[in-house]
Amino acid sequence: KPDRPNTVRIPDRVDLRGSPRSRQGSPSHSPRLGPSRFLNGEKSGASFVGAELLGKLWGDRKKQPKNAKRKGGKVWYQKERVKGLVVVTALVGLFFLVDWIMLLRLQDHRVGSDDRSSRNASSVSAQVKVTKPSKGKKHYGGIYGRLLALAAHALAEGQNKREPKDLWQEPVVPASAWRPCADQRDWEPNEGKNGYIMVTANGGINQQRVAVCNAVVLARLLNATLVVPKFMYSSVWKDVSQFGDIYQEEHFIKYLAPDIRIVKELPEELKSLDLEAIGSVVTDVDVRKESKPSFYLKNILPILLQKRVVHFVGFGNRLAFDPIPFQLQRLRCRCNFHALKFVPKIQETAALLLERLHKHSAQPGLLDHYLVGPHAVAAMIARSDRAKASKYLALHLRFEIDMVAHSLCEFGGGEQEGQELEAYRQIHFPALTELKKTEKLPSPAMLRSEGLCPLTPEEAVLMLAALGFNRKTQIYVAGAQIYGGTSRLAALTSLYPNLVTKENLLSPAELEPFKNFSSQLAALDFIACTAADAFAMTDSGSQLSSLVSGYRIYYGGGRMPTIRPNKRRLADIFVKNNTIDWKVFEQRVRKAVRQTKHVQSRPKARSVYRYPRCKECMCRTD
């Protein structure tokens, strides 16, 4: 349902069935086009989207003054006029000279043209014979047809070659110098006496996870009691899953008890309040993205103290990562890496998934214990029938229609693709549609050159082939329905036939309990990607990829490599797809990916969920 231009009244018992949210890892829900009650005339609503999108590419450009004073007066003008006449005269003379030389060379060229014509014809025919595809070989079309054919040839020739040494490894020594320590506390429990905080989180399971942990930090900051978060219902994906359907509610409450007070419901005397009427509902329009703690102390705490309850609706990425006090940042990590455990239903099915990916090995993976719990791991070992585990690569193809439409990029589908994506934007991203009408946005070509477009399945498979993954590599593909359907996966399945998904590793009976629960299915993908021997993302902005890579860093001990492509560098390589030699392509892709494998501590203002190597979340052993 399109967002309405004015602030919508949301009663206490909120019915959000009309609120669009995207599936796991999708861009944040488009803000409603209305004024913020806290921003005092600053940009809000659709203008937030415009400022963020345009700012990424162009930054702030200051306008030059129109009526700048001229210097020098009439004398200066006359001198410049004389100089201009001299330059024009010289250019005309140069033009006639070059024209005369070209005529002479053209005459010489015509003399020998007849002798060369027969040789040229035979040369062309020879080239056609060489490039004509042989019978029975796969013919690749589309933008990357030539490169895909070269990749297929390279993979066929290299089946018995060893893969590059660092393909399944991280830089172990610097990475292993960090160990998890977010479970350490250095404060007294929070009484939560200032009131109650409610959160109804939008987005998919991964955005919701971030919103939950941010709400935990906010409750501690405001000395408030947190009500177990709720999740928005989407009329698009029709998933009614709530917090207790995905995460262990009791573990969440008990584990964080030394930090904040958490209750399952509001007290009886507050349940009957019309929160919208008393001004206790706060939406994403009211709160700027990544707001500082000072914003909440100044604007939210007074409402909390006066009304005793504040209800945040949306709460997508509404708390900054810096500046924030040390212990609050640590609490953020403690929530994400320790307090949120999947329910047994998800853990047990995920254990079956991991067991089959590892070919029924008796050796559980490094992170299995943290992801599926000790009981599920014990059951995996009991069912095992081989000693050595089979390796697998997990690939998150972030190429669903919501990401494709939100990116404003083009993907080779022509006019039909453009119309389809624009229709989707009008329904699910109305603020973006309005922005296109009022602002001059970057072209699709510019967006791609800046690395702002998700990698297509064809680009993803070319990257894997260039990195040196063997044709026999088992690849687990995570993600929902790929935009373009099975035809869009043709190149991937052709080059890497050992491609699997949860749908063909689990039986229909095993998947039946998850039918129509996209968030719970996404939890299975999260576990399979996090536990993989190597993980490759195709869009670094994806919440799933960010959370998976952070989890692998936090618990991996430097032995869980993640491939994070630099899309700007790759775009510069892919643009030469019609001419570049395969060996050169390999070298450039490997260099671009190798640079992202460097072990570094969290950059300032970046997510602790994605970059947990910081003093708040992890401790150094050296």
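**View 1. Strands S8, S9 and S11 in this predicted model.** S8 (residues 393–396) and S9 (residues 475–478) run parallel, joined by four bridges. To find your place along that pairing, look for His396, which sits opposite Ala478 in S9. S8 is also joined to S11 (residues 534–537), again parallel and again through four bridges. Here the pair to pick out is Ala394 in S8 and, opposite it, Phe535 in S11.

**View 2. A look at the side chains of S8.** Leu393 and Leu395 point one way from the strand, while Ala394 and His396 go the other way. Buried or exposed? All four of these residues are buried.

**View 3. Strand S2, wrapped up on both faces.** Tyr196, Met198 and Thr200 line one side of S2, with Ile197, Val199 and Ala201 on the other, and every one of them is buried. Because six of the six residues in S2 (residues 196–201) are buried, the strand is largely enclosed by the rest of the structure.

**View 4. Who pairs with S2?** One parallel partner is S7 (residues 309–314), which pairs with S2 over six bridges. S3 (residues 225–227) is also parallel to S2, with two bridges, and S4 (residues 230–231) likewise pairs with S2 in the parallel sense over two bridges. Ile197 makes a handy landmark: Val310 stands opposite it in S7, and Leu226 is its bridge partner in S3. For S4, look at Thr200, whose bridge partner there is Lys230.

**View 5. From S2 over H6 to S3.** Follow the chain through S2, H6 and S3 and you've traced a right-handed β-α-β unit.

**View 6. The largest nonpolar core, with 99 residues.** Which members touch the most other members? Those are Phe252, Tyr296 and Phe312. Helix H6 (residues 205–221) is the top contributor to this core, giving ten residues. At least three core residues come from each of domain 1 (144–170 + 343–399 + 454–556 + 562–596) and domain 2 (196–339).

**View 7. Zooming in on Phe252.** Leaving aside residues up to four places away in sequence, Phe252 touches Val212, Val216, Leu226, Pro229, Phe243, Ile262, Cys335, Ala339 and Leu340. You've already met one of these contacts, Leu226, as the bridge partner of Ile197 in S3.

**View 8. A second, separate core.** This one holds 57 residues, including Leu455, Val477, Leu489 and Val593.

Definitions and conventions. Residues numbered from 1 in each chain as written. Predicted model: local features only at pLDDT ≥ 70, side-chain atom pairs only at ≥ 80, totals over all residues. Heavy atoms only, no water. Core = buried A, V, L, I, M, F, W, Y, C linked by side-chain atoms within 4.5 Å. Buried < 20%, exposed > 50% of the residue type's maximum accessible area, 1.4 Å probe, protein only. Domains from an automatic or database assignment. Contact = heavy atoms within 4.5 Å. Pairing = 2+ DSSP bridges. Right-handed = clockwise from strand over helix to strand, strands pointing away.
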